[in-house]
Amino acid sequence: MLKPFRLLRPGTVAEAGEELERHDDAAAIYAGGAELLLLMRQGLLQPEYLIDIKHIPELHGIRRENGGISIGAAVTHWDLERDGEIRKHYPLLAEAESHVGNIRVRNQGTLGGNLCFADPHADPATPLLVLDAEVELGSTRGSRVMPLDDFLLGMYETALEPGEILARVRVEPLPPGWGVAYQRIERFFRPTLNAAVAARSGGNVVNEVRMAVGCVGPRAVRLPDLEGRIRGLTVEDAVEAIRGARELLEEVLMPVDDLLGSAAYKLDITVVALERALRTSMMGGMGD
Ligand SMILES: Cc1cc2nc3c(=O)[nH]c(=O)nc-3n(C[C@H](O)[C@H](O)[C@H](O)COP(=O)(O)OP(=O)(O)OC[C@H]3O[C@@H](n4cnc5c(N)ncnc54)[C@H](O)[C@@H]3O)c2cc1C
């Protein structure tokens, strides 16, 4: 059962930051509540104040900005999955969003809540790493921008400082001629593993490639070393290089045993998922 709490409704990001500073550990940011209310019902978290950020206009909207797109932290998975601009120019993200949990979770949960909770078994971070996403954090001190890669520190751990909230996520489209693919293996609604790949082919050669894997270890990880190893190879040689990269993958992904699978199993399917995603993206993938 939920313990009583006070609901605060700031009108701006700075006001939300002010409430966070004022109430410190006694307060929690409340967006969709998909994760937060579960923790509260289980008694794992008992904040005296919930800072409801859903009514802050700055946290809404999917806007075109400087050739890219800016997504408000309070935009839901469902909105992202259906948005025409996202589907057309960021199909990797739209595809990943369409797999989140179930329709109730997608309707309730926000992109910001997902990234801030930093559950390793999540979908959006993996494609966003391939798209070189940046996050904008706001507080009473103003705002700062950092790569998503620096924001995700580990299991349930982010670079948010006290008094800060995630305001927006920025992504630029891939240059023309890239194919993309998203692979996901799931259990109990949650992904056991996901892999996102973007590649530009030159005939049968991997001219450009970006790869990320999520859910295997503490956080989603971009794979620059593996990308370097396969750039310039034919698809078949690239697949062989992925198969031979088990040691590298183990080192960077830090796979863990959990209810969704053993570390060894996750490493095995990482190789298969990357191979499949690379082949699909090299054939043109899911979008432009
Ligand atoms: C049954 C179930 C299945 C699920 N399956 C999947 C899945 O398959 N894939 C997947 O990716 N996710 C899955 N999820 C997780 C869900 O999608 C995310 O938890 C959801 O996006 C969280 O967003 P929210 O707005 O509800 O966050 P909330 O629950 O409101 O908040 C989550 C945490 O983030 C903090 N927070 C929220 N917004 C901000 C912000 N802007 N700035 C700073 N802190 C903030 C809150 O204080 C809290 O600590 C599942 C969840 C459930 C319950």
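## A cavity shared by two domains

Let's start inside: the lining of the largest cavity takes at least three residues from each of domain 2 (57–171) and domain 3 (180–282). Keep in mind that this is a predicted model. The structure has 2 cavities of 30 Å³ or more, and the largest holds about 110 Å³ of space.

Fifteen is the number to look for if you want to trace the wall: 15 residues line the largest cavity, and those nearest its centre are Ala 118, Asp 119, Ala 125, Leu 152 and Ala 220. Three elements each give two or more residues to this lining, namely helix H7 (111–117), helix H8 (125–130) and strand E8 (152–154). As for chemistry, the lining splits into 9 nonpolar, 4 polar and 2 charged residues.

## How the domains are laid out

Stepping back to the whole chain, the protein is divided into domain 1 (6–52), domain 2 (57–171) and domain 3 (180–282). Taken over C-alpha atoms, the centres of domain 1 and domain 2 sit 19 Å apart. Their contact involves 16 residues from domain 1 and 16 residues from domain 2.

How much area do domain 1 and domain 2 bury between them? The figure is about 1,200 Å², with 68% of it on carbon and sulfur atoms. On the domain 1 side, Val 13, Glu 21 and Glu 35 supply 40% of the area buried against domain 2, more than any other three residues.

## Helices H1 and H5

His 23 belongs to helix H1 (residues 13–23). Is His 23 buried or exposed? It's buried, because its relative accessible area is 17% and the cut-off for buried is under 20%. Beyond its neighbours within four places in sequence, His 23 is in contact with Leu 8 and Tyr 49.

Over in helix H5 (residues 91–98), 6 of the 8 residues are buried, so the helix is mostly covered. The buried set is Pro 91, Leu 92, Leu 93, Ala 94, Ala 96 and Glu 97.

## Two loops with a positive phi

Most residues other than glycine have a negative phi. Tyr 156 is worth a look on that score: its phi is near 60°, a positive value in a non-glycine residue. Tyr 156 is in the loop between E8 and strand E9 (157–158), and it's partly exposed, at 48% relative accessible area.

Met 254 also has a positive phi, near 45°, again in a residue other than glycine. You'll find Met 254 in the loop between helix H12 (246–253) and helix H13 (263–282).

## Thr 192 and Glu 275

Strand E12 (residues 190–202) carries Thr 192. With a relative accessible area of 2%, Thr 192 is buried. Leaving out neighbours within four places in sequence, Thr 192 has contacts with His 121, Ile 185, Glu 186, Arg 187, Cys 215, Val 216, Leu 260, Tyr 265, Lys 266 and Ile 269.

Glu 275 is part of helix H13. This glutamate counts as buried because its relative accessibility is 14%, against a cut-off of under 20%. What does Glu 275 contact, leaving aside neighbours within four places in sequence? The partners are Val 239, Ile 242 and Arg 243. Arg 219 is 56 residues from Glu 275 along the chain, and their C-alpha atoms are separated by 21 Å.

## Arg 231 and Pro 175

Arg 231 sits in the loop between helix H10 (224–230) and helix H11 (235–243). At 37% relative accessibility, Arg 231 is partly exposed. Not counting residues up to four places away in sequence, Arg 231 touches Val 206, Asn 207, Glu 208 and Val 209. Arg 231 and Ala 199 are 32 residues apart in sequence, with 9.4 Å between their C-alpha atoms.

Pro 175 is another loop residue to pick out, placed between strand E10 (165–171) and strand E11 (178–187). Pro 175 counts as partly exposed, at 41% relative accessibility. Measuring from C-alpha to C-alpha, Pro 175 and Gly 217 are 30 Å apart in space and 42 residues apart in sequence.

Conventions: Residues numbered from 1 in each chain as written. Predicted model: local features only at pLDDT ≥ 70, side-chain atom pairs only at ≥ 80, totals over all residues. Heavy atoms only, no water. 1 Å grid on protein atoms, 1.4 Å probe; cavity = no way out; pocket = protein on both sides within 12 Å on 5 of 7 lines; lining within 4 Å. Points joined across faces, edges and corners; volume = space filled by probe spheres on them. Helix = DSSP H or I, 4+ residues; strand = E, 2+ residues; numbered from the N terminus. Nonpolar A, V, L, I, M, F, W, Y, C, P; charged D, E, K, R; others polar. Domains from an automatic or database assignment. Buried < 20%, exposed > 50% of the residue type's maximum accessible area, 1.4 Å probe, protein only. Contact = heavy atoms within 4.5 Å. Buried area = accessible area lost by both parts, 1.4 Å probe.
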